[in-house]
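Reader: I am new to this structure and should like to go through it by question and answer. Please show it first.

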Amino acid sequence: MSELSTRLEVELADERGIERTLGTPRAAPPRRPLLLKAAALVLLIVALFALPFVVNSYLLFVANLTLVYAIATLGFDILVGWSGQIGLAHAALFAIGAYGSTIAYAHGVPFLLTLPLVGIGAALVAVLIGFPAIRLTGFFLAIATLAFGFVIVEGLTAADGLTGGGAGLSVQIWRLPGITGSASTYFLTAAVAVVTFFLARRALYGRFGRTLQTVRHLGPLVGSLGVSALRYRLVAFGVSGAIAAIAGALYAQLQTFIFPAMFDFNLLVPFLVMVFVGGAGSLLGPVLGAAFAVVLVEIFQDFGDYQAIAYGLALMLAITVLRGGLVSLGKEVRDSRLIGRLTGRRAEKGAVQRAQ
Amino acid sequence: MPSDPQLPAAGVPEDGVHDAVVPDDVAVEGAGALAEPAETPAVELSDIHVAFGGNVVLDGVSLSVGSGFTGLIGPNGAGKTTCLNVISGYLRPGAGTVRLGGQEITGRPPNRVAALGVSRTFQAPRLVPNLSAVANVLVGAHRHFRRGHFAELFGSGQARRQEREQEARARDLLDTFGLGTNADRPAGSFPIGSQKIIEVSRALLNDPSLALLDEPAAGLGAEDVDRLVTGLTAWVGRSDGAVVIIEHDLGLISRLCPQVAVLHFGRIIRSGRPDDVLHDDLVVEAYLGADFVVDR
């Protein structure tokens, strides 16, 4: 009888399953002097917006792609790293943004207006996709959302009247008066990135982030604090979907031509790599992960299928050796636990330290 | 042994007799002893039945709890945690009603129940290890945040003020539990005893009219138990809330709780003042040696 009456807690303890193996968000960064912070921020923004004037068009494309991926990965990280839910429809939501914005712009909607529109639309779709989260967690949620993602990508192929089907769709380029299309896209991407990361920082290191993490760690038990676990889990899906779609709209502008096969597994795996190699549950992680993925693709461009192997290896290394991703590299090296993990000699000691 | 599963089964055929002889007169006596007739009890269970399959866990539990501390004790498997699960909405009873301050709340989901001012803690502390102690405690104030997440996102002054106010409350509360100086350390870096205290603080920041604590002192060292008792007593003195404590440490129960109810095989077999209850023959028999623990 005692087992039965406490069954609730035992079940919940087991249920955390694979989410537990993922990196957890780290604590809020220490508060630095305001002047220093402002100076760093201004420097960063100036550097971002000065870039088109100093680099060639190839490097500008690479920088732009990195920023687009960083925004999309931030959205994915909010779902996976912060709320601890493995939703695998992210590439499809990214596609909704790309197609939605391109089609709306072609039909006369002002381009800047298409960004919030696809954001809202994708948020609604993401919440629908997240509905299995009422009952499912971990592996089963991953499968359910993956299926939704495939349905969406297949739907894009099937609706060829609107989307051009498997043959693809040419993107009408938006440009600011007086400058080239690629520079316009870059400026817009940089602005969206700055705003998104600023807002994400405020929310994630504030009440929203701590409630989301509590939902993640307590599961349904969080109800005892008056928090609806379900609502927060669905909101995480919605926010993540909105950010994905806005990044997708920018991605379409960058690529100038989009087709459904761009948004299947070949994009989902890089997204996973970016989240985990960069470091789940941090703000810098998505940026580092995006830079890593883009650089990896550029280096291995000539090697064809080896790209996939490189992605696989990177993901394996990130999960086995560098659990916290690239953001934790400095700390790991400092604690010199990296060597210990590889040889297994210091693993036990590390575990004890963490437990205390 | 009291945990012999045959005992309640054997009691079933002669249920009528059993009811008439023991629990009925106890229930009357218990209700009188536990709640002042004039005031509305903080929580009132009437005739709660819970069964998992054929396994009867709560068999007609009636209990009313007024403000201050109430101990809920009984041998393992008596249904104590199940009682808390029923009150906090995690279990829908097969029959019976739960009233909170006179309002019926039977079958409402946990977050709605908590929003009415019912907090609870669990046997194993569940904190977010990488968040600071004070951030963990702040989550308990959820229902007191009037401004939504959009206000926070766009940095409205009211949202900031509200956050500051709640943070001050959280720090105050941690102070009363003697953890104020380390409030900014990650919760995971605290020893398990302190983590349990942080969890209790989180539950109390809800400012509940009823706090349900499931073995808050289990696994705590003497120093931590003192902190817990000091903090809880201070909180009850300040807020006039009701606290239901499940605890195996009967010394702590008799030190803290003016009222005690004893659960045994899903029934309240005795309730009243700890001195009387803990020396009652029936209770001693249920515990087999509880008497010894108290007298020591």
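Reader: How many residues does the contact take from chain A and from chain B?

Author: This is a predicted model, in which local features need pLDDT of at least 70 and side-chain atom pairs count only at pLDDT 80 or more, while totals for chains, interfaces and linings use all residues. Residues are numbered from 1 along each chain as its sequence is written, and chains are lettered from A and ligands numbered from 1 in the order in which they are written. Two residues are in contact if their C-beta atoms, placed from the backbone, lie within 7 Å. On that basis the contact takes 41 residues from chain B and, from chain A, 30 residues.

Reader: Which helix of chain A gives the most to the side that touches chain B?

Author: Helices are DSSP runs of H or I with at least four residues, numbered from the N terminus. Helix 1 (2-5), helix 2 (7-15), helix 9 (181-204) and helix 10 (207-218) of chain A each supply at least two residues of this side. With eight residues, the one that gives the most is helix 10 of chain A.

Reader: Into which domains is chain B divided, and how many residues does each give to their contact?

Author: The bounds come from an automatic or database domain assignment. Chain B is divided into domain 1 (6-117 + 207-295) and domain 2 (125-206). Their contact takes 17 residues from domain 1 of chain B and, from domain 2 of chain B, 15 residues.
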